[in-house]
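Subject: Structure for your review

Dear colleague,

Please find below the structure that I am handing over to you. I would be grateful if you kept it open while reading the notes beneath it.

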Amino acid sequence: MKKLLLVPVMAILVSCAPKAAHLQHPDWAPDVLAGLNDFMDMYGHPSEASYAVFDFDNTTAIFDIEENQMNWQLENMAFEMDPERLREAISTDLDLASGVYDGWIADVSAAYGHLWNEYGPFTWRGLEGEALEAVRKDPMWQELGGKMYSMYEGMNGQESPTICYNWTKFWATGMTDAQLDSLSVKTHTICSSQPTVAKTWKGSPDIKSAIGPVEFGYEIGTGVTDNLRELWKTLRDNGIDVWVCSASGTRQVLMAVDVFGLHDYCTGVLAMTVAHDEQGRLTNRYDYETGHAFLALPGGGWQEDTLATKCQT
């Protein structure tokens, strides 16, 4: 008798379950589309809080948003540091006693110091018009770009992420959060509105330096696909929160989520944070103590969570 009673009860429960929203974009590979929609059917509208976590660079986004910004800063001299502060920033947390970085730090500092004296001071906004044309004609501009970006790429092969991932955040030293947000919106907008462009930093053999001339290729261009936007939206439509966990800077990721049209589908962001000084400016010190996640507010904007993460992502 009990078994007979269970059958109609189960039927009622199944019939009341919300139907899962499905992905439909035509660019999905058929097997991927089928697999994702099977996932939505199986896990959509969960009875308990559920979430999906996404990396950001080279996964959610095309290429790396922070590397795009770093090269844009070099191309346009968008820094909020004088030469002494820049030398301090690029020396942070490195094993200086080993001597490995001596030549790189000397060459980057010399190139930046020359450009600062001739065309500075620089600001987070970068140069424009005739001022930018003038600095780009100076061989020291290519010298700086090649050496400073190559230093980062070389560091990736020698140092732990604790060192090299932190180091990239220190390029924003001296900026306020609001200035870094504005810079990030500008670079994300520019880099996502144009086709990906392959470029090269090429130092001159005529410049006397410790390392010698450096030639290094890089790419400018980023963004997200319509498929990715649909995936995030479908997850949210099915009651699954969408989180980002990234090794890029928090401010850069927040602005990328906004610029790339993902805000309405994002629950929150957990990324890397830098300590501030007493004037509210970013420093060359990673924040292991008070860094927070950020929650996306309906309709736009972000709210800092109250629980400090005290970690690197």
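The notes below go from the whole chain to the sheet, then to the helices and to some single residues.

**The chain as a whole**

Please bear in mind that this is a predicted model. The protein chain contains eleven helices and nine strands. Its C-alpha atoms fill a box of roughly 95 × 40 × 35 Å along the principal axes. Of the 313 residues in the protein chain, 45% count as buried. If one considers contacts between residues at least 6 apart in sequence, 72% of them join residues at least 24 apart.

**The sheet**

An open sheet is formed by five strands, in the order β1-β4-β5-β8-β9, and its pairing is mixed. At the edges stand β1 (51-54) and β9 (302-308), each of which pairs on one side only. From one strand to the next, the twist averages 25°.

In general, the strands of a sheet pair through backbone hydrogen bonds, in either a parallel or an antiparallel manner. The edge strand β1 runs parallel to β4 (residues 241-249), and four bridges join the two. Within this pair, V53 of β1 has W243 of β4 opposite.

Two helices may be described together with the sheet. Helix α8 (residues 161-169) packs on the sheet and touches β4 and β5 (268-272). The direction of α8 makes about 90° with that of β4. Helix α11 (residues 250-259) lies across β4, β5, β8 (292-296) and β9, and it runs at about 135° to β4.

**Two helix pairs**

Both of these helices also take part in a helix pair. The axes of α7 (residues 139-158) and α8 come within 9 Å of each other and cross at roughly 155°. Since angles over 145 degrees count as roughly antiparallel, α7 is therefore roughly antiparallel to α8. The crossing of these two helices is left-handed. On the α7 side, the residues in the contact are M148, M151, Y152, M155 and N156, and they meet I163, C164, Y165, W167 and T168 in α8. By class, this contact of α7 with α8 comprises eight nonpolar residues, two polar residues and no charged ones.

The second pair consists of α9 (residues 177-192) and α11, whose axes come within 9 Å and cross at roughly 45°. The helices α9 and α11 are therefore oblique to each other. Here α9 passes α11 in a right-handed crossing. D177, L180, D181, S184, V185, H188, T189 and S192 in α9 meet R251, Q252, M255, A256 and V259 in α11. The residues of this contact of α9 with α11 divide into five nonpolar, five polar and three charged.

**Two buried residues**

T187 also belongs to helix α9. With a relative accessible area of 2%, T187 is buried. Apart from neighbours within four places in sequence, T187 is in contact with Q69 and W72.

Q73 is located in helix α3 (residues 65-76). The relative accessible area of Q73 is 3%, so Q73 is buried. When its neighbours within four places in sequence are left aside, Q73 is in contact with A78, F79, W171, M175 and L183.

**The hairpin and its loop**

Strands β6 and β7 form a hairpin with five residues between them. The two strands pair in the antiparallel sense over two bridges, and H276 has L282 in β7 as its bridge partner. In the turn, G280 has a positive phi of about 80°. β7 is mostly covered, since four of its five residues are buried.

The loop between β6 (274-276) and β7 (282-286) is also the place of Q279. Is Q279 buried or exposed? At 54% relative accessibility, Q279 counts as exposed. Q279 and G268 are eleven residues apart along the chain, and their C-alpha atoms are separated by 27 Å.

I hope that these notes serve as a useful introduction.

Yours sincerely

Methods
Residues are numbered from 1 along each chain as its sequence is written. This is a predicted model: local features need pLDDT of at least 70, side-chain atom pairs count only at pLDDT 80 or more; totals for chains, interfaces and linings use all residues. Side-chain values use heavy atoms; hydrogens and water are left out. Two strands pair if DSSP finds at least two bridges between them. Axes are lines fitted to C-alpha atoms, for helices over the stretch in contact, and angles run from 0 to 180 degrees between N-to-C directions. Contact means heavy atoms within 4.5 Å. Angles under 35 degrees count as roughly parallel, over 145 as roughly antiparallel, 65 to 115 as roughly perpendicular and the rest as oblique. A crossing is left-handed if the near helix is turned anticlockwise from the far one by less than a right angle, and right-handed if clockwise. Ala, Val, Leu, Ile, Met, Phe, Trp, Tyr, Cys and Pro count as nonpolar, Asp, Glu, Lys and Arg as charged, and the others, Gly among them, as polar. Buried means under 20% relative accessible area, exposed over 50%, partly exposed in between (1.4 Å probe, protein chains only).
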